[in-house]
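Let's walk through this protein together, one part after another. Please have the viewer open and follow along.

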Amino acid sequence: MIDFRYHLVSLISVFLALAVGVVLGAGPLQNSLGTALNDQVTSLRADRNDLQTRLEQTEAAVNDRDAYITAAAESLLPGALKDQRVAVAVLPDAESGDIDAVVTEIETAGATVTGRVNLTGAWAETSRESFRSTYSGQFTPYLDTAATDGNGILGQGLAVALTTEGDSATALMELLTASETPLVTVDAQPSGTATMIVVVGPRTVATAGGSEPTAAATPEQDLTAWTSALTGLASAATTVVVGSADAQADVVAALRTAEAPVTTVDSVGQATAAVSAPLALAATASGTLGNYGFDAGADAVMPPVSH
């Protein structure tokens, strides 16, 4: 049975341990602990300053590189798209600054931008796959040769609507913009028919927790639907898709993985992508499909310069 003396001894032991800790902390261990902590803080502060310096140097190098590329574009691009008319198709979540950068370089290359349309999420929503398959049947009468899948047919319909004129083009655009959840909304009304199309997609968005980044799309989006639709688009008109290929969920990465016959340019948002876009359009128009940029699946850093 535990008696009073046991409790007394236990309490004395606890107080002795506390007293020894206080004495050691205030005496022999004080300087060593303080020195160790101070050294750690100093080391962390130096690492932080070093990282900050390296970050500033990297940012300066990137800015210098972009300035060089932009200046070089003034020599490389003029005349590359002479007499061409380019329609801009924008994927969901593409950034306005990235779109403007691509448009600027296309105009530098001598092309006229005919207009801009936005492709809505309805192109790839999993819940609307059956609807797209059925709805595509209304497109086929206006197409000379239809794709074998509904998403591809819709892509062909967009190409014909943007690059031809007449009753068929009008009917197709009406189908694309019809209903409360249209496939297409018009941002800048086309001023006439285009001879080629540039598609601008979103940047890659990193996920929380440091896991693999994914494209800025909802979980309900079917990436294969985008791949089929853009393949259909490219089968009916000279087309280049500018986007990201950092992650498997990026549209450009998906096109490359599927080995789709579509010219792609990765690293959207960088000066390299904007400058490569018109060169890629010119190469595609001459019959050369390619994948350009720095990410997986790229055939070359930049398209050929042939003019």
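Which side chain of opposite charge is nearest to Arg 128, and how far away is it? Here Lys and Arg count as positive and Asp and Glu as negative, while His and the chain ends are not counted. The nearest such side chain is Glu 125, 4.1 Å away. Arg 128 has no salt bridge, a term that stands for a side-chain nitrogen of Lys or Arg within 4 Å of a carboxyl oxygen of Asp or Glu. Arg 128 is nevertheless buried, where buried means under 20% relative accessible area, exposed means over 50%, and partly exposed lies in between (1.4 Å probe, protein chains only). You will find Arg 128 in the loop between S2 and H4. Leaving aside neighbours within four places in sequence, Arg 128 is in contact (heavy atoms within 4.5 Å) with Ala 122 and Thr 181.

Before going further, a word on the model and its numbering. This is a predicted model, in which local features need pLDDT of at least 70 and side-chain atom pairs count only at pLDDT 80 or more, while totals for chains, interfaces and linings use all residues. Residues are numbered from 1 along each chain as its sequence is written, and side-chain values use heavy atoms, with hydrogens and water left out.

Now step back to the whole chain. Its secondary structure comes to nine helices and nine strands; these are DSSP runs numbered from the N terminus, with helices (H or I) of at least four residues and strands (E) of at least two. Of the 307 residues, 40% count as buried. Among contacts between residues at least 6 apart in sequence, 73% join residues at least 24 apart.

Strand S4 offers a look inside, through Val 198. Val 198 counts as buried because its relative accessibility is 0%. Beyond residues up to four places away in sequence, Val 198 touches several others, including Val 86, Val 102, Ile 106, Val 240 and Leu 281.

Helix H7, residues 223-236, also has buried residues, among them Trp 226, Leu 230 and Leu 233. The buried residues of H7 pack against strands S2, S4 and S7 and helices H4, H5 and H8. From first C-alpha to last, the 14 residues of H7 reach 21 Å, close to the 20 Å expected (1.5 Å times one less than the number of residues).

Let's turn to the charged pairs: the count comes to six salt bridges. One of them joins Arg 203 to Asp 98, with the closest N and O atoms 2.8 Å apart. This pair links distant parts of the chain, 105 residues apart: Arg 203 sits in the loop between S4 and S5, and Asp 98 in helix H3. Arg 203 is partly exposed because its relative accessibility is 33%, whereas Asp 98, at 5%, is buried.

Another salt bridge brings together Asp 100 and Arg 116 (3.5 Å, N to O). Asp 100 lies in helix H3 and Arg 116 in strand S2, so this pair ties together parts that are 16 residues apart in sequence.

In helix H4, Glu 129 and Arg 132 form a salt bridge, their closest N and O atoms being 2.6 Å apart. These two are separated by about one helical turn because they are three residues apart in the helix. Arg 132 is buried at 1% relative accessibility, while Glu 129 is partly exposed at 31%.
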